[in-house]
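User: Hi! I am new to protein structures and would like to practise reasoning from definitions. Could we go through this one together?
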Amino acid sequence: MIRKFWILIKYEWINFRADKGLLILTLFTLLAGLYGIYYGTTEIDRQRRNIAALDSITEHNIEEMKAKYPGEADAGDIGYYHSTFAVNHPDTWASLSMGQRDVNPYYIKLRLLNLQSQLYDTENINPLKVLSGNFDLAFVFVYLFPLLIIGLCFNILSVEKEQGTLPLLLSQPLGLPLIVGAKLGFRVMIVLALALLLSIIAMGWGRVVPDVRIGMWLGTVVLYCLFWFGVAFLVAALHKGSAFNAITLLGVWLLLTIVIPALLNVYVAVTQPVPQALELTIRQREVVHGGWDKPKRETMEAFFARYPQWTDTTEIKGRFAWRWYYAFHQLGDMAVEDLAREYQEGLRARHQLVERLNVLSVPVNVQGVFNALAGSDLPSYLDFLQSATRHHDSLREFYYPFLFKQIPFRHADYQNEPRHSFTSSPDLDTAYGGMYKLLVSVLVVYVAGLVLFRLLPAMVK
Amino acid sequence: MVRSIAQKEFISTLRDSRFMALSIIVLLLLLAATVVGLHSYSTLQKEREVAQQTVNDQFANSADRHPHRMAHYGSYAFRPKSSISFLDFGLDSYTGASVYMEAHRQNSANFSQAQQSSSLIRFGEMTVAFVLQMLIPLLIIFLCFAAITQEKETGTLKILLSQGISLRQLAWAKIAGYSRVVGLVVAPALVLASPLLFSRGGYDLEADVLLRLLLFIVFYLIYFFIFIVMSVVVSSWYQRSSTALVTLLGIWIFCCVILPKASANLGANLYTTPTKAQMDADVHEEVAKGIDGHNAHDQRAEALKQELLRKYGVKTLEELPVNFDGIQMAAGEEHSSRVYQEHFEELTGIFENQNRISEYASFLNPYLAVRHLSMGMAGSDFRHYIHFQNRAEEYRYHLAQGLNHIQATQLKYGDKQTRLSSDTWKSFKPFTYETPSAGWALGNHLLSLVALLLWLVLVCTVGVNRINNTQIT
């Protein structure tokens, strides 16, 4: 039995080597994978370089401030003209699956002014490029590997029938299950070898942190490939012609990778709308600028309710004082706190809805696992927004003593200013959940395939 | 003869239940996409209209303020959706919807749909354009892959040719028959979609929108025709239907899945996009070398001061008949806007270089050609987005300068206290945005248009001529 299996595998290998089409297809997938790895690593390296360059922009800005205020300065001026950055460093795994890192900004320029008018500023993005999406390794696995598997397997049985070789094969002491098993087994070996090779190259090239994610990534890749082999097996079990198989398999691919995700997208947008964004931006402006027109005492009292520790500071006289200015800026943030929270919670709820719905499409689920491992999806961006918000709070904590106790801001104080750093972290729970769902999908497909294979009698001509 | 072959293809296709089932699925998806597109269009449009109206009212009715306070208060530009963008969202989901317009600063367009979504959105959106660009070609492939191979496999090709018909005539007959079938699938969608489009209240049909719609349809018809001819041609190359089918599916995958992404990514790799932080820092640096709107100690401010004093023959700024603050602010705004505009154009140029790779790739790939043209007609392409950003920047500039002018003429030098009546703000026209003409939109995509027409000509001449080389066994 085992010996026959290996004989069949050997002849499959000879067949495979002779078939230029299959060789080209495999080679092409390999090249696409290598390009995906190259693209992902260069893109993430570029983000790293851009983040590193922000430090020198900040240093330059500090030099400029020191030149502008050579002696002691009013901290209010520094808070107004001096800017720092909140940065979202990529996880080392991000080069394998870039997720939403190209759409969402990975740094935010911050001044002491009200946060909500700064938090959502965008990076320079070419919209046509982000529409086309990233050609990263995750794309190669999620989209192209199924196509490779379909290309290798669509005529696994039908070609033998169409060439009239199946009866010949079956006249040998070989059962149909063994033939199908050997043919599938051979293709599984080729595809998995390719997938593992690409994954290992990507991990090495991207210099990923070696942790449990190596196993999780490889496990997901293997399961996902097995899923598509299962689909091909299922279709082969119908014992139809090559043309029917090709169309059906491509139809399934189209349905799972394009049509269902697009429909899910619509469903998510309709059931989980996030209308708060525009309202938020309009309302915070109204409150902040209204601050100029309100009596100062009223503004300060509202502010002291939040910061009782500054209640005893001197009464503001005259037309303008920085501490009053920053107080009404902060009141602007406080006025939209609920909206900002609703907005971010709405986005998180959207993501969670997708997590629940992704049972409907294995590719969406697998992309979700990859992004969760790489920490490159929406939740990680929302974590970054929260981290940036906390950083802005700490900037306020840093500057308020200067403003309220009227301590002059000295050159030495710049280096005590809080600096921000945030690194996207993987979401292993989501990844495990996704892998579990994937495993179930694989089992379902194989059980269905085996049942069909048993039920439908082989129509051997 | 040719006519009867076309008729035979038409009728036998209609009898093919598998094809009819697929057609009905595509038709349903097309209708679903139309409904989804209209829903999303009207939701977003309403949201933005309400927001625009709100900020316009807020501006016109704001409190008595100092004009420079008003310049910092500023306004917002919310990008209205183009009338037929419901057919093709194009880049709209990836471009910002709102720009905050204030003095001294050019802000980014924020809150795009993509930023408010998880990575699910990257799988693509259900739009009419998606069905037309990707699914209908697949349907065409399914319809035509056996056009010639089946005649070979069943041995009917020899019989047909013995009737005195040439292979080319046969091919054209088949193409004519299939074109009618495709027309039958697409036409009901158009018939059903147009009442939806025209029945929406408050939407007057301008000639320009009609022209855009007409061109939109024409481009897709050419695209479908290219796929029909290509499929028949490929079918003639092979002896077996399944080989022809696999080849055609390979072409489809390459054109519709791999090449669009690869060309866009390659463009971004070749031309590096500067970060917004770096761009802002550069603008700031260059502006600082010039005049600073808030800083009177600058050299250029001094020159401006001397020039004004000389012009009016007075000794001090207080004696000037105009308010130096306003004048100085206007000069600063002019300078910083010019510097910003230079950098913005540089950035746009980089993006256009990146996009040009995709435009050139449309010579390899009719999908890209029709995608660009479709977005252009729907008003959801890159140029429309930049057009909006430029209009917003223009408005921002004129708003700031209008307020500087008021400060220069109605307030005294050094006066930071006086508040002007809120009636003053009512004289400013609110921001409005007009989608540019269809001709302008088409002019931006000449390359893609040439590519599409070239494809049409090539498949019809070179492609069909090669059919004569077909081996008949």
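User: How many residues does the contact take from chain A and from chain B?

Analyst: Happy to help! Keep in mind that this is a predicted model. The contact takes 91 residues from chain A and 93 residues from chain B. Contact here means heavy atoms within 4.5 Å.

User: What makes up the area buried between chain A and chain B?

Analyst: That area is about 8000 Å², and carbon and sulfur atoms give 62% of it. On the chain A side, A:N124, A:L278 and A:R285 supply 9% of what chain A buries against chain B, more than any other three residues.

User: Why is the largest set of 179 residues called a nonpolar core?

Analyst: The name fits because its members are buried nonpolar residues joined through side-chain atoms within 4.5 Å, where buried means under 20% relative accessible area. Among the residues touching the most other members are A:F145, A:W217 and B:W252. Helix α8 of chain B gives the largest share, 17 residues. A second, separate core has 35 residues, including B:Y73 and B:F344.

User: How do you know that α10(B) and α12(B) meet, and which residues are involved?

Analyst: B:M279, B:D282, B:V283, B:E286 and B:V287 in α10(B) meet residues of α12(B), including B:H335, B:Y340 and B:F344. The residues of this contact divide into seven nonpolar, three polar and three charged. The two axes come within 9 Å and cross at roughly 145°, and the crossing is right-handed.

Note on methods:
Residues numbered from 1 in each chain as written. Chains lettered and ligands numbered in written order. Predicted model: local features only at pLDDT ≥ 70, side-chain atom pairs only at ≥ 80, totals over all residues. Heavy atoms only, no water. Axes fitted to C-alpha atoms, helices over the stretch in contact; angles between N-to-C directions. Helix = DSSP H or I, 4+ residues; strand = E, 2+ residues; numbered from the N terminus. Left-handed = near helix turned anticlockwise from the far one by under 90°. Nonpolar A, V, L, I, M, F, W, Y, C, P; charged D, E, K, R; others polar. Buried < 20%, exposed > 50% of the residue type's maximum accessible area, 1.4 Å probe, protein only. Buried area = accessible area lost by both parts, 1.4 Å probe.
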